[in-house]
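These are my notes from one sitting with a structure I had not seen before. I wrote down each item as I looked it up.

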Amino acid sequence: MPTTPVSSRSPAAGAKLHRTTTQSIPTGALTALSFDEVLYDTSGFYSAGQPTRLTIPAGLAGRYLIGGSCEFASNATGRRGYILFRNGDTEGIGVLVTGVVSGGDAEGCVTVLYNLAAADFVTFQ
C-alpha cells in the first residue's frame, strides 16, 4: 500500500516591509520608521492602521529573526542609531550606533533572534 509522507514542519511565517519615500527624522529624537509597502506578509503581521509596527498574530508565538536596515544622508556631525524595540519598551532588543559620515550616506542594519508572544509588536527606530 503506498504511503503519503507527512511533514510536521510548518512553512515559515513572516513579513518584509519597505518605505518608498524619505522619512524626516528630527535631530536627537527616536522616531519609529513608518512603512508604506508590504513586500510580503504571510499571516497578517502588518496593519496599514499601525504602519510603524509588526505585530505577532494569534497562534504564532515563537522565536523570530527580526531585522531592519536604514540609510541616513551624509552629515558631518552626530551619530546615527538603529534600535529594535518590543512592545514600546524603553530598552532596545537590538541596537547599532554608527559614527558620523562625511561625503557619503550612513547605512546600517540590526538583526536579532528573539522570542515573541502573540500580540507582541516590534518597531524599528
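Entry 1, pairing around E8. I looked up Leu54 and found that its bridge partner in E8 is Val122. The model I am reading is a predicted one. Strand E3, residues 54-55, pairs with E8 in the antiparallel sense, and I noted two bridges between them. I then turned to strand E5, which covers residues 80-86. E5 and E8 also run antiparallel, joined by three bridges. In this pairing I found Arg86 opposite Val122. Val122 therefore appears twice in my notes, as the bridge partner of Leu54 and as the residue that Arg86 stands opposite.

Entry 2, the two faces of E8. Are the residues on the faces of E8 buried or exposed? I went through residues 121-124 and found both faces covered. Phe121 and Thr123 lie on one side, Val122 and Phe124 lie on the other, and all of them are buried. I wrote the general rule beside this: side chains in a regular strand alternate between the two faces of the sheet.

Entry 3, Thr123. I picked this residue of strand E8 for a separate look. Thr123 has a relative accessibility of 7%, and it counts as buried because the cut-off is under 20%. Its side chain makes a polar contact of 3.4 Å with the side chain of Gln125. Leaving out residues up to four places away in sequence, I listed what Thr123 touches: Thr52, Arg53, Ile83, Leu84 and Phe85. Of these, Ile83, Leu84 and Phe85 fall within the range of E5, residues 80-86.

Entry 4, Asp120. Where does Asp120 lie? I placed it in the loop between strand E7, residues 106-116, and E8. At 11% relative accessibility Asp120 counts as buried. Its side chain reaches the backbone nitrogen of Ala117 at 2.8 Å. A polar contact, also listed at 2.8 Å, joins the side chains of Asp120 and Asn87. With neighbours within four places in sequence set aside, I found Asp120 in contact with Leu54, Thr55, Ile56, Arg86 and Asn87.

Entry 5, salt bridges. How many salt bridges does the structure hold? I counted two. In one, the side chains of Arg86 and Asp120 meet at 3.9 Å, N to O. This pair links distant parts of the chain, since Arg86 is in strand E5 and Asp120 is in the loop between E7 and E8, 34 residues apart. In the other, the side chain of Arg86 meets that of Asp89 at 3.3 Å, N to O. I added the general point that side chains of opposite charge can pair when their charged atoms come close.

I checked exposure for the three residues as well. Arg86 is partly exposed, with a relative accessible area of 22%. Asp89 is partly exposed too, at 31%. Asp120 is buried, at 11%. Salt bridges with shared partners join Arg86, Asp89 and Asp120 into one network.

Entry 6, Val110. My last lookup was in strand E7, where I found Val110. Val110 is buried, with a relative accessible area of 5%. I also took the C-alpha separation between Val110 and Ile93, which is 9.8 Å. Along the chain these two residues are 17 residues apart.

Note on methods. Residues numbered from 1 in each chain as written. Predicted model: local features only at pLDDT ≥ 70, side-chain atom pairs only at ≥ 80, totals over all residues. Heavy atoms only, no water. Buried < 20%, exposed > 50% of the residue type's maximum accessible area, 1.4 Å probe, protein only. Pairing = 2+ DSSP bridges. Polar contact = N/O pair within 3.5 Å; in protein donor to acceptor, adjacent residues only side chain to side chain. Contact = heavy atoms within 4.5 Å. Salt bridge = Lys/Arg side-chain N within 4 Å of Asp/Glu carboxyl O.
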